[in-house]
Amino acid sequence: MKSNKALLKVVSAKPGEQPLAPLVEDLLIRLGEDPKRDGLVRTPRRVESALRFLTSGYHTDIQKVLNGALYDVKYDEMVVVRDIEFFSLCEHHMLPFYGKMHVAYLPQKKVIGLSKIPRIVDVFARRLQIQERLTQQVAQTILETIKPLGVGVICEAKHLCMMMRGVEKQHSGATTSAMLGAFRERKDTRDEFLSLVK
Ligand SMILES: [Zn+2]
């Protein structure tokens with residue numbers, strides 16, 4: 001009876017919970033490798049845990065990340081966090097793209113604890129992404145969370161899918177931006193942000 005129960009559990013696992021290691025082993029075979037050789041024996045399990053970590057943003061609750069780190073203030077100058085490192089996976093090739101993000105906002109009544117902004121970036125970077133959407137999601141999340149007068153996000157990234165495959169080498173570095181509210185409407189606000197991050 002006990003073994004039947006265990007079997008039932010595997011069969012009813014949700015797609016997101018099914019093991020990846022057997023697929024990676026199959027992948028190695030189909031690439032012409034021998035998954036039994038020394039260096040590869042533990043590779044399927046390593047790849048599984050790496051992929052779980054690199055896509056853990058799907059299961060991270062933004063509200064829990066912020067964990068009450070929202071503060072009422074009278075401060076109304078621009079808040080800028082520069083050079084936030086991130087690592088993500090492009091959804092077209094599942095290869096890394098990585099770089100820096102600069103995030104700014106003009107507070108209205110609330111600010112976010114400064115250390116939480118890189119955490120927000122991580123939540124969205126640890127998914128299959130395109131750089132444009134990653135940039136927008138970070139900006140939108142800040143907009144919805146603290147309702148500032150505006151948000152600006154600039155993202156500079158290098159894409160290994162282009163660099164490693166030798167295609168479009170000149171475009172392997174890309175810059176995207178999201179300008180919301182005052183950052184979209186007011187040139188002086190946008191210029192202040194750009195001068196602070198250049
Ligand atoms: Zn790609």
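Is H93 buried, exposed or partly exposed, and what is its relative accessible area? In this predicted model, H93 is partly exposed, with a relative accessible area of 34%, and its ND1 atom takes part in the coordination of the zinc ion. The zinc ion is also coordinated by the SG atoms of C90 and C161, the donors lying at 2.2 to 2.3 Å. Along the chain, these donors follow the spacing C-x2-H-x67-C. In contrast to H93, C90 counts as buried because its relative accessibility of 5% falls under the 20% cut-off.

The largest pocket has a volume of about 220 Å³. Its lining comprises 12 residues, of which H92, Q131, E132, H159 and M162 are the closest to the centre of the pocket. Elements that each supply at least two residues of this lining are α6 (131-146), α7 (160-163) and β7, and by residue class the lining divides into 5 nonpolar, 6 polar and 1 charged.

Helix α9, which spans residues 187-197, has T189, F193 and V197 as its buried residues. These residues lie on the same side of α9, because they cover an arc of only 60 degrees around the axis. An α-helix has 3.6 residues a turn, so residues three or four places apart point the same way. The buried residues of α9 pack against the strands β2 (79-90), β3 (96-106), β6 (150-159) and β7 (173-181), as well as against the helix α8 (182-185), whereas the face turned away from the buried side carries the exposed residues K187, D188 and S195.

Conventions
Residues numbered from 1 in each chain as written. Predicted model: local features only at pLDDT ≥ 70, side-chain atom pairs only at ≥ 80, totals over all residues. Heavy atoms only, no water. Donors = N, O, S within 2.8 Å, 3.2 Å for Na, K, Ca; no water. Buried < 20%, exposed > 50% of the residue type's maximum accessible area, 1.4 Å probe, protein only. Helix = DSSP H or I, 4+ residues; strand = E, 2+ residues; numbered from the N terminus. Arc of directions from axis to C-beta. Contact = heavy atoms within 4.5 Å. 1 Å grid on protein atoms, 1.4 Å probe; cavity = no way out; pocket = protein on both sides within 12 Å on 5 of 7 lines; lining within 4 Å. Points joined across faces, edges and corners; volume = space filled by probe spheres on them. Nonpolar A, V, L, I, M, F, W, Y, C, P; charged D, E, K, R; others polar.
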